[in-house]
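Okay, let's get going. I'd like to walk you through the packing in this one, and then the pocket.

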Amino acid sequence: MPPDNATVSMPSIRRRLVSMVYELLLAFAALFLPFLVFEFAVDASHAAAVEHGRQALAFFVLGAYFIHQWSRNGQTLAMQTWRLRVTQADGTALPPRRAALRYLLAWMWVLPALVASWAFGLEHWHALGAIAIGIALWSLTAFLDRDRQFLHDRIAGTRLVQLPKPAKKKAPAQAA
């Protein structure tokens with residue numbers, strides 16, 4: 001059932017970006033144990049094939065996390081903290097297939113910058129700078145949308161909504 005439009009609003013771009021920073025910290029935590037096991041399995045090798053294995057591991061672990069959370073209740077832990085929820089464009093819950101599409105399209109935040117870094121042979125700080133510029137440019141896509149949704153949400157047919165503040169709990173009446 002779609003949420004009541006009176007109870008949800010469009011979150012600000014700033015709120016979504018701050019939530020993404022928190023999401024990044026949680027992603028490192030989600031990757032810690034799988035990477036620890038992987039490092040023991042490959043004896044901390046830095047061979048090219050192992051580096052690609054690390055990248056694939058990160059892609060699949062993060063994909064499992066985000067797809068599961070978005071299709072379960074529309075929120076990751078960071079989204080719960082910032083009272084954000086991802087829904088389909090009509091306000092209904094995301095099925096796993098739509099969550100997977102959103103996950104793949106969300107890589108557009110960094111993929112163009114990664115390709116540019118590879119094409120121009122950028123390394124270290126230059127590559128990080130290119131990624132930061134790519135993220136900044138992608139965030140500007142929200143200004144091209146009437147609802148201020150990012151391009152990957154528009155293409156995936158999803159949207160982020162801001163949930164209302166929870167009602168304050170009333171203090172129990174004290175006996176006199």
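So, how many residues are in the largest nonpolar core, and which have the most contacts inside it? Before I answer, some housekeeping: this is a predicted model, where local features need pLDDT of at least 70 and side-chain atom pairs count only at pLDDT 80 or more, while totals for chains, interfaces and linings use all residues. Residues are numbered from 1 along each chain as its sequence is written, and side-chain values use heavy atoms, with hydrogens and water left out.

Right, the core: 14 residues, and Leu 62, Trp 70, Met 79 and Val 86 have the most contacts inside it. By core I mean buried Ala, Val, Leu, Ile, Met, Phe, Trp, Tyr and Cys residues joined through side-chain atoms within 4.5 Å, with buried being under 20% relative accessible area for a 1.4 Å probe, protein chains only. Two or more residues each come from helix 1 (13–41), helix 2 (48–72), strand 1 (84–88) and helix 4 (96–106); those are DSSP runs, H or I of at least four residues for helices, E of at least two for strands, numbered from the N terminus. Helix 2 gives the largest share, five residues. There's also a second, separate core of eight residues, including Trp 138 and Phe 150.

Back to Met 79. Skipping neighbours within four places in sequence, Met 79 is in contact (heavy atoms within 4.5 Å) with Trp 70, Val 86 and Leu 160, among others.

That's it for packing; the pocket can wait for questions.

Conventions:
Buried means under 20% relative accessible area, exposed over 50%, partly exposed in between (1.4 Å probe, protein chains only).
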